[in-house]
Amino acid sequence: MRLNKIEGLKPLLPNRKYGQKWEDLEYGISARSLIEKSDTPLAIDLKINSGYWEKIEKAEKSRLKYFHEIDRNIEKLTKKRFSNF
C-alpha cells in the first residue's frame, strides 16, 4: 500500500472501514501535508491536493533562477571590466 511507504504517516491516518471511500474521511493537516509532499499523484487521487508543495517548488525554482541571473550579470561585468585593461 502506497500510504504505508510514507514515513510517519500511519499514526496520523483516520480509521477506515473496508469499502469506505477516502472522500468520506477527515484528514489531519499533518497527514494531508505528508501525503501531498511524498506522493502527489496519490494526493490527487484521494482529492486532498491543495497545490501547496507545487507552489513552494515553483517559488524555489524562481528564486534560484533569480540568483543564477545575478551571478551571470556579475560575471559579465567582471569580464567587461577586466577586458578594458
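# Helices, burial and salt bridges

Visitor: Which helix holds both glutamate 69 and arginine 72?
Guide: Glutamate 69 and arginine 72 are three residues apart, about one turn of the helix. In this predicted model, the helix in which both lie is helix 3.

Visitor: What is the N to O distance where the side chains of glutamate 69 and arginine 72 meet?
Guide: Glutamate 69 is partly exposed at 32% relative accessible area, and arginine 72 is partly exposed at 38%. Their side chains form a salt bridge, for which the cut-off is 4 Å. The N to O distance is 3.5 Å.

Visitor: Which residue forms a salt bridge with glutamate 60?
Guide: Glutamate 60 has a relative accessible area of 34% and is partly exposed. Its partner also lies in helix 3, three residues away, about one turn of the helix. The partner is itself partly exposed, at 41% relative accessibility. With N and O 2.9 Å apart, the residue is arginine 63.

Visitor: Is lysine 79 buried or exposed?
Guide: Lysine 79 forms a salt bridge with glutamate 75, their closest N and O atoms being 3.4 Å apart. The two are separated by about one helical turn because they sit four residues apart in helix 3. Glutamate 75 is partly exposed at 44%. The relative accessible area of lysine 79 is 56%, and the exposed class starts over 50%, so lysine 79 is exposed.

Visitor: How many salt bridges does the structure hold?
Guide: Among them are the pair glutamate 60 and arginine 63 and the pair glutamate 69 and arginine 72. Lysine 79 with glutamate 75 is another. The number in the structure is four.

Visitor: Is glutamate 36 buried or exposed?
Guide: Glutamate 36 lies in helix 1, residues 29–38. Leaving aside residues up to four places away in sequence, it touches several residues, including Ile48, Tyr52 and Trp53. Its relative accessibility is 5%, and buried means under 20%, so glutamate 36 is buried.

Visitor: What is the accessible area of the nonpolar patch formed by Tyr66, Phe67, Ile70 and Ile74?
Guide: Isoleucine 70, one of the patch residues, lies in helix 3, residues 52–83. It is partly exposed at 31%, and patch residues need over 30%. Together the four residues have an accessible area of about 390 Å².

Visitor: What pattern does the chain follow along the sequence?
Guide: The chain has three helices and zero strands. Of its 85 residues, 19% are buried. Read along the sequence, the pattern is α-α-α.

How values were computed: Residues are numbered from 1 along each chain as its sequence is written. This is a predicted model: local features need pLDDT of at least 70, side-chain atom pairs count only at pLDDT 80 or more; totals for chains, interfaces and linings use all residues. Side-chain values use heavy atoms; hydrogens and water are left out. Buried means under 20% relative accessible area, exposed over 50%, partly exposed in between (1.4 Å probe, protein chains only). Contact means heavy atoms within 4.5 Å. Patches are made of residues with over 30% relative accessible area and no salt bridge: like charges are joined within 9 Å, nonpolar side chains (Val, Leu, Ile, Met, Phe, Trp, Tyr) within 5 Å. Accessible areas come from the Shrake-Rupley method with a 1.4 Å probe; for residues, only the protein chains shown count as cover.
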